[in-house]
Amino acid sequence: MTRAYDEERLGELLRLLRPAPVGWVQAAQELPAARRSMDEIVARAEADLAFREALIADLEIALEQAGYEPDRRLLDELRKRLA
Amino acid sequence: MGQPPALTDAELVQRCREGDPDAWAELVNRFSRYVYAVCVKGFRLGDEDAEDVFQEVFTRVYTRLDTLRDDAAVRPWIAQLTRRLCLDTLASGSREQPSDIELTPEQERTLEELDEAFDVREALAVLPEPCQEILDRFFARDQSYRTISAELDLPSGTIASRIARCLRKLRDELEGRSGPSEGSRE
């Protein structure tokens, strides 16, 4: 099917796809690194009982002390994986 | 002359599977506007829900890329995933099942238009960089002639004519394709 486009219609369609918020895009682009951090944390928690207990006692503080930036998504995912 | 061809969707998916971080960033970039628009314009989710769906879409794409049977089909896969997650979100806020949620005719129309808009953006991506830039700034970022002129260092009196010329190129590109619904580069 071939559609005819006039300039007004093209303008309308271009307006529909506005940039997503920069922070959202950046977080999605950083997913591979975030997944690696998560895998590291889980592996360490499996190997180090004291670290695991610290995570369970206060996830956010334990992560901060271990040098990770505990954003909401990381915390949610870790809670699921450590449960 | 248009831009040198960017990676096709299938090539991009293949590179993501190989662990290329630049390819992943490009994949997010390529689909981010569409996913965002489906959430906020198609399903009218609030910011917080839209952000959750947005991140979940890309998380699932990243973690399930190996399950995609046809690499060239990443776009319909992402579209379907986004719609399903939006419906799940709407359902979780009511007592309905996702399958019970009915979109209004206006929402259905908006979703169709977003697909058409994506075709237009794909066509835009093969135009020369200055055309991509000026059309995106004017239409998608709402920048004024004055801002565009200042930021691109162009005489302000030429902005309107440049926009008109780029729109004609965009139209020619679209009309040179077999049709918007078949317009991806795969």
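**Figure 1. The largest nonpolar core, in a predicted model.** This predicted model has a largest nonpolar core of 58 residues. The members that touch the most other members are Val35(B), Val38(B), Cys39(B), Phe54(B), Leu135(B) and Leu170(B). Look to helix H2 (residues 21-42) of chain B for the largest share of this core, 11 residues. Both domain 1 (7-102) and domain 2 (123-186) of chain B give residues to the core, so it lies between them.

**Figure 2. Zooming in on Val35(B).** Which residues does Val35(B) contact, once its neighbours within four places in sequence are left aside? The partners are Phe54(B), Val57(B), Ile78(B) and Thr82(B). Phe54(B) turns up again here: like Val35(B), it is among the core residues that touch the most other members.

**Figure 3. A second core, with residues from chain A.** This core is separate from the one above and has 6 residues. Among them are Ala45(A), Leu55(A), Ala62(A) and Leu78(A).

**Figure 4. Chain A on its own.** Chain A has 6 helices and 0 strands, so to speak an α-α-α-α-α-α pattern when read along the sequence. Its radius of gyration is 21 Å, while the globule rule gives 12 Å for 83 residues, so chain A is more spread out than a compact globule. The C-alpha atoms of chain A fill a box of roughly 65 × 25 × 20 Å along the principal axes. Buried residues account for 20% of the 83 residues in chain A.

**Figure 5. How confident the prediction is along chain A.** Mean pLDDT for chain A comes to 89, with 98% of its residues at 70 or more. Among the elements of chain A, H2(A) has the highest mean pLDDT, 96, and helix H6 (residues 72-82) of chain A the lowest, 83. As a rule of thumb, predicted coordinates should not be read in detail where pLDDT is low.

**Figure 6. Where chain A meets chain B.** How many residues does each chain bring to the contact? Chain A puts in 23 residues and chain B 37 residues. On the side of chain A that touches chain B, helix H1 (7-16), helix H2 (22-29) and helix H3 (31-47) of chain A each supply at least two residues. H1(A) gives the largest share of that side, with 7 residues. Sorted by class, the side of chain A that touches chain B has 15 nonpolar, 3 polar and 5 charged residues.

**Figure 7. The two domains of chain B.** The domain assignment splits out domain 1 (7-102) and domain 2 (123-186) of chain B. Taken over C-alpha atoms, the centres of these two domains are separated by 26 Å.

**Figure 8. Glu96(B) in its loop.** Glu96(B) sits in the loop between helix H4 (74-92) and helix H5 (105-124) of chain B. Is Glu96(B) buried or partly exposed? Glu96(B) is partly exposed, with 13 other C-beta atoms within 10 Å. Leaving aside its neighbours within four places in sequence, Glu96(B) contacts Ala91(B) and Ile101(B). Asp52(B) is 44 residues from Glu96(B) along the chain, and their C-alpha atoms are separated by 20 Å.

**Figure 9. Two loop residues with positive phi.** Arg44(B) is not a glycine, yet its phi is positive, about 55°. You'll find Arg44(B) in the loop between H2 and helix H3 (47-64) of chain B, where it is partly exposed with 15 other C-beta atoms within 10 Å. Asp153(B), also a residue other than glycine, has a positive phi near 55°. The place to look is the loop between helix H7 (145-152) and helix H8 (159-175) of chain B. Asp153(B) is exposed, with 7 other C-beta atoms within 10 Å.

Note on methods
Residues are numbered from 1 along each chain as its sequence is written. Chains are lettered from A and ligands numbered from 1 in the order in which they are written. This is a predicted model: local features need pLDDT of at least 70, side-chain atom pairs count only at pLDDT 80 or more; totals for chains, interfaces and linings use all residues. Two residues are in contact if their C-beta atoms, placed from the backbone, lie within 7 Å. Helices (H or I, at least four residues) and strands (E, at least two) are DSSP runs, numbered from the N terminus. Ala, Val, Leu, Ile, Met, Phe, Trp, Tyr, Cys and Pro count as nonpolar, Asp, Glu, Lys and Arg as charged, and the others, Gly among them, as polar. The radius of gyration is taken over C-alpha atoms; the globule rule is 2.2 Å times the number of residues to the power 0.38. A residue is buried if 20 or more other C-beta atoms lie within 10 Å of its own, exposed if 12 or fewer, and partly exposed in between; C-beta atoms are placed from the backbone. A nonpolar core is a set of buried Ala, Val, Leu, Ile, Met, Phe, Trp, Tyr and Cys residues joined through C-beta atoms within 7 Å. Domain bounds come from an automatic or database domain assignment. pLDDT is the predictor's confidence in each residue, from 0 to 100.
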